[in-house]
Amino acid sequence: MDCVVETLRHKFEMMRPVLDERGRRLWAGVEASAIGRGGISRVAEATGLSRATVRQGVKDVASGAAAPADGRSSDGRTRKPGGGRKRLTESDPELLSSLERQLEPVTCGGPESPLRWTCNSAASLAARMGAEGRKVSERTVNRLLHELGYSLQANRKTVEGRQHPDRNGQFRRINRRVRAFQKLGQPVVSVDTKKKELVGQFRNGGRDWHPKGRPVAVHVHDFPDPELGKAIPCGVYDMTANKGWVSVGITSDTAEFAVETIRRWWRRMGSPLYPDARRLLITADGGGSNGSRNRLWKLEIQRLADELGLAISVCHFPPGTSKWNRIEHRMFCHITQNWRGKPLVSHEVIVNLIAATTTKAGLSIRSGIDDKEQSTGIKVSDDQMEALSIRRAGFHGEWNYTLLPRT
């Protein structure tokens with residue numbers, strides 16, 4: 001380190017307690033003048049004062065302004081009362097009114113609310129106020145917004161819309177059915193299909209550890225790869241055993257695909273765990289490929305019941321409550337966490353990442369690819385529906401029903 005700078009720093013630290021603002025500026029000017037060329041930079045570095053302050057000190061010393069100022073107050077004030085630049089709100093009393101007018105069309109919330117927010121950026125507000133002839137910076141607009149009670153806020157999912165009047169009743173029924181099946185040692189599963197994922201060198205949300213400055217390179221645009229296509233993870237979660245199965249589809253999310261996933265879970269995991277099972281309970285969302293109004297879903301469940309010789313009961317969650325399905329926060333959320341920040345470059349990678357997902361609570365998952373071409377637009381006739389061996393519950397039979405094996 002420059003010994004001159006170190007010496008100046010040491011002297012300034014000793015003098016600081018007895019110097020006021022003017023004294024610090026004049027002392028810096030004296031030292032910079034004594035050093036000569038480069039003095040301003042060295043003094044600024046040693047003291048932390050700005051170069052402009054040191055430069056002004058040099059000018060004051062050179063012009064003789066270092067003498068005590070006339071009329072200096074007894075309390076050591078170096079400026080006259082009220083000195084310094086005025087606040088913009090004082091020099092322009094209409095400034096806040098102008099800002100409020102810019103906010104008015106897009107302000108959210110009630111006028112009596114103590115905290116409001118705006119959809120405009122500080123930069124755009126400053127620009128629009130500048131068009132009115134008011135010179136105001138983005139930083140000043142930010143400060144004024146906080147003074148007015150505004151803050152930056154994101155959307156919050158709190159408005160659920162209209163609730164079904166029997167929503168709580170259905171939740172209670174599902175809870176009773178699940179406990180009854182588990183008490184009898186019969187399997188209970190939660191089924192759902194995760195959102196489709198792009199397969200290829202695409203960005204995947206989240207962050208993962210990598211050497212500093214060497215992030216994984218991915219495509220700029222998220223246009224699907226025509227050869228790799230998309231992946232459709234459909235899962236079955238065993239609530240009792242805390243185990244799951246995920247089939248990764250490659251074409252479409254259909255009821256046939258969803259039931260095939262249940263079939264694969266039973267053959268690979270369910271049957272060994274429940275060799276004496278006579279019944280199976282499925283909890284599912286109210287819509288989608290396993291929805292309560294999906295005719296093909298019921299037809300495929302009937303075929304599965306016939307094939308396995310099991311009475312398959314289904315309980316659908318009420319409309320708008322899919323987030324309460326157990327598979328969402330017991331299995332799918334951990335899968336998403338496990339593959340965060342990793343491009344899903346192939347179906348095999350997706351299967352391996354899913355199968356590698358574990359938790360401290362003992363969750364284990366198996367996975368496989370379902371490469372069958374799924375047909376869409378299949379119509380189920382009234383005669384096929386009449387042939388179902390279905391027993392509907394007295395409470396919302398459209399949500400609660402059992403398919404009995406026909407053999």
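**Figure 1. α10 and α11 run roughly parallel to each other, since the angle between them stays under the 35 degrees that sets the limit for that label.** In this predicted model, the two helices pack at about 25 degrees, and their axes sit 8 Å apart. The crossing of α10 past α11 is right-handed. On the α10 side, the residues in the contact are Ala255, Glu256, Ala258, Val259, Ile262, Arg263, Trp266 and Arg267. Facing them from α11 are Leu296, Trp297, Glu300, Ile301, Leu304, Glu307 and Leu308. Sorted by class, the contact of α10 with α11 comes out at 10 nonpolar and five charged residues, with no polar ones.

**Figure 2. The largest nonpolar core, with Ile262 among its best-connected members.** This core has 33 residues, and Ile262, Ile282, Trp297 and Ile312 have the most contacts inside it. Seven elements each supply at least two of its residues: the strands β1 (188–193), β3 (230–238), β5 (279–284), β6 (311–316) and β9 (400–403), plus the helices α10 (255–273) and α11 (295–308). The biggest share comes from α10, which gives eight residues. Zoom in on Ile262 and, leaving out residues up to four places away in sequence, you find it touching Val191, Val236, Leu280, Ile282, Trp297, Ile301 and Leu304. Apart from this core lies another one of 25 residues, including Val178, Ala231, Met239 and Cys315. As background, nonpolar side chains in soluble globular proteins tend to be buried together.

**Figure 3. A loop residue, Ile378, meets residues of α10 and α11.** Ile378 belongs to the loop between β7 (364–370) and α14 (382–386). Setting aside neighbours within four places in sequence, Ile378 is in contact with Glu256 and Leu296. Both of those partners also turn up in the α10 and α11 contact, Glu256 on α10 and Leu296 on α11. Ile378 and Ala255 are 123 residues apart in sequence, yet their C-alpha atoms are 9.8 Å apart in space. With a relative accessible area of 40%, Ile378 is partly exposed, because that value falls between the 20% and 50% limits.

**Figure 4. α6 and α7 cross at an oblique angle.** Helix α6 (residues 95–103) packs with helix α7 (residues 122–131) at about 120 degrees, with the axes 10 Å apart. That angle makes α6 oblique to α7. The crossing of α6 and α7 is right-handed. From α6, Leu95, Ser98, Leu99, Gln102 and Leu103 take part in the contact, and from α7, Leu125, Arg128 and Met129. By class, the contact of α6 with α7 has five nonpolar residues, two polar and one charged.

**Figure 5. Two non-glycine residues with positive phi, Asn242 and His396.** Asn242 has a phi of about 55 degrees and sits in the loop between β3 and β4 (243–249). Its relative accessible area is 15%, so Asn242 is buried. For His396, phi is about 50 degrees, and the loop in question is the one between β8 (390–392) and β9. His396 has 16% relative accessibility and therefore counts as buried too.

**Figure 6. The protein chain behind the close-ups, with 14 helices and nine strands.** Of its 407 residues, 39% count as buried. Take the contacts between residues at least 6 apart in sequence: 71% of them join residues at least 24 apart.

Key:
Residues numbered from 1 in each chain as written. Predicted model: local features only at pLDDT ≥ 70, side-chain atom pairs only at ≥ 80, totals over all residues. Heavy atoms only, no water. Axes fitted to C-alpha atoms, helices over the stretch in contact; angles between N-to-C directions. Helix = DSSP H or I, 4+ residues; strand = E, 2+ residues; numbered from the N terminus. Parallel < 35°, antiparallel > 145°, perpendicular 65-115°, else oblique. Left-handed = near helix turned anticlockwise from the far one by under 90°. Contact = heavy atoms within 4.5 Å. Nonpolar A, V, L, I, M, F, W, Y, C, P; charged D, E, K, R; others polar. Core = buried A, V, L, I, M, F, W, Y, C linked by side-chain atoms within 4.5 Å. Buried < 20%, exposed > 50% of the residue type's maximum accessible area, 1.4 Å probe, protein only.
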